[in-house]
Amino acid sequence: MIALLLCCMVISPESSAQQSAQNHLKEGFSLLQAKDHEAALDRFQKAVEAEPSNGGALLLKGMAENRLSRHGDALLSINRAERLGVRSPQLDFEKGWAAVGVDLWNEAIVSLERYEKAKPGNAKAAELLGRAYIAKGAYDKASAALHEAIRRDPAVKP
C-alpha cells in the first residue's frame, strides 16, 4: 500500500523547479571555474528561469556577465540578487566591477571599499577601485590603490 502511494505521488512544480535550478547552477559553476563564461552564463540563465527568486543564481549570472564584459546586464542581475536578500562580500566585488564597467563611479567606490574591508587582498578589487578613484579625481587614493593592486599581483594589467 505504501509503495502504491509513493508511486502515485506527484513531485510539486516548486521542488521540480528548485531541482532544475540546482542542476543548472552546479553545471554553471563548473563551467565558470573552467573559464567557459558563455556556457556558464547560459546555465545560470536557465537556473534563473527555473527559479526566478533564487538570488544566488542571479549573483552567479552577474559574475558570468562581468567576465564577458556585459557590465550593464551584470549590474541588473546583481541588483536583483541584492533585492532578494543576497548579502556577501562577493556581491560587493561583482557590483563594484559592474559599476566601473558602466561608469557609476560612486557606486563602484562604495561597493569596492566595502569588499576591501571584508576581504582584503584581491588585486582586481584594488585595480578597479583605483580606476574609480581616477574617474572621481581622487588621484592620491587612485595611486595608492593601483600600487596595492600591483603589489598583490605584479601581473595585473597596467
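At what angle do the axes of helix H5 (residues 71-83) and helix H6 (residues 89-101) cross? The tour returns to that pair after an overview of the chain; the model on display is predicted.

**The whole chain**

Begin with the entire chain in cartoon representation. Its secondary structure comes to nine helices and zero strands, and the pattern along the sequence reads α-α-α-α-α-α-α-α-α. Colouring by accessibility is useful here: of the 158 residues, 39% count as buried. Among contacts with a separation of 6 or more, 46% are accounted for by residues 24 or more positions apart.

**Helices H5 and H6**

Select residues 71-83 and 89-101. The axes of H5 and H6 come within 8 Å and cross at roughly 145°, and the crossing of H5 past H6 is left-handed. Now display the side chains at the interface. From H5, the participants are His-71, Ala-74, Leu-75, Ile-78, Asn-79, Ala-81 and Glu-82. They meet Leu-91, Glu-94, Lys-95, Trp-97, Ala-98, Ala-99 and Gly-101 of H6. Sorted by class, this contact comprises eight nonpolar, three polar and three charged residues.

**The largest nonpolar core**

Next, select Leu-32 and Phe-44. These residues touch the most other members of the largest nonpolar core, which has 23 residues. The elements that give two or more residues to this core are helix H2 (13-33), helix H3 (37-50), H4, H5 and H6. Centre the view on Leu-32 and show its surroundings. Leaving aside residues up to four places away in sequence, Leu-32 touches His-37, Ala-40, Phe-44, Leu-60, Met-63, Ala-64 and Arg-67. Another core lies apart from the largest one and has 15 residues, among them Val-100, Ile-109, Leu-112 and Ala-132.

**Lys-61 in helix H4**

Move to Lys-61, which lies in helix H4. Is this lysine buried or exposed? With a relative accessible area of 11%, Lys-61 is buried, because buried means under 20% relative accessible area. Beyond residues up to four places away in sequence, Lys-61 touches Leu-41, Phe-44, Gln-45, Val-48 and Ser-77. Phe-44 was selected at the previous stop as one of the residues that touch the most other members of the largest core.

Add Glu-65 to the selection. Lys-61 forms a salt bridge with Glu-65, and the closest N and O atoms are 2.8 Å apart. Both residues lie in H4 (residues 55-67), where they are four residues apart, about one turn of the helix. Glu-65 also counts as buried, at 3% relative accessibility.

**Further salt bridges**

The structure holds 14 salt bridges, and two more of these pairs can be inspected along the later helices. Select Lys-124 and Glu-127 in helix H8 (residues 123-136), three residues apart, about one turn of the helix. Their side chains meet in a salt bridge of 3.3 Å, N to O. Glu-127 counts as buried at 11% relative accessibility, whereas Lys-124 counts as partly exposed at 29%.

Then select Glu-148 and Arg-151. The salt bridge between their side chains is 2.5 Å, N to O. The two residues are three residues apart in helix H9 (residues 139-152), and about one helical turn separates them. Glu-148 is partly exposed, with a relative accessible area of 22%, and Arg-151 counts as exposed at 59%.

Elsewhere, select Glu-27, Asp-42, Arg-43 and Lys-46 together: salt bridges that share partners join these four residues into one network.

**Last stop: Ala-17**

Finish at Ala-17, whose place is in helix H2. Ala-17 is partly exposed, with a relative accessible area of 22%. How far is the C-alpha atom of Ala-17 from that of Glu-49? Although these positions lie 32 residues apart in terms of separation along the chain, the two C-alpha atoms are separated by 9.0 Å.

Note on methods:
Residues are numbered from 1 along each chain as its sequence is written. This is a predicted model: local features need pLDDT of at least 70, side-chain atom pairs count only at pLDDT 80 or more; totals for chains, interfaces and linings use all residues. Side-chain values use heavy atoms; hydrogens and water are left out. Buried means under 20% relative accessible area, exposed over 50%, partly exposed in between (1.4 Å probe, protein chains only). Axes are lines fitted to C-alpha atoms, for helices over the stretch in contact, and angles run from 0 to 180 degrees between N-to-C directions. A crossing is left-handed if the near helix is turned anticlockwise from the far one by less than a right angle, and right-handed if clockwise. Contact means heavy atoms within 4.5 Å. Ala, Val, Leu, Ile, Met, Phe, Trp, Tyr, Cys and Pro count as nonpolar, Asp, Glu, Lys and Arg as charged, and the others, Gly among them, as polar. A nonpolar core is a set of buried Ala, Val, Leu, Ile, Met, Phe, Trp, Tyr and Cys residues joined through side-chain atoms within 4.5 Å.
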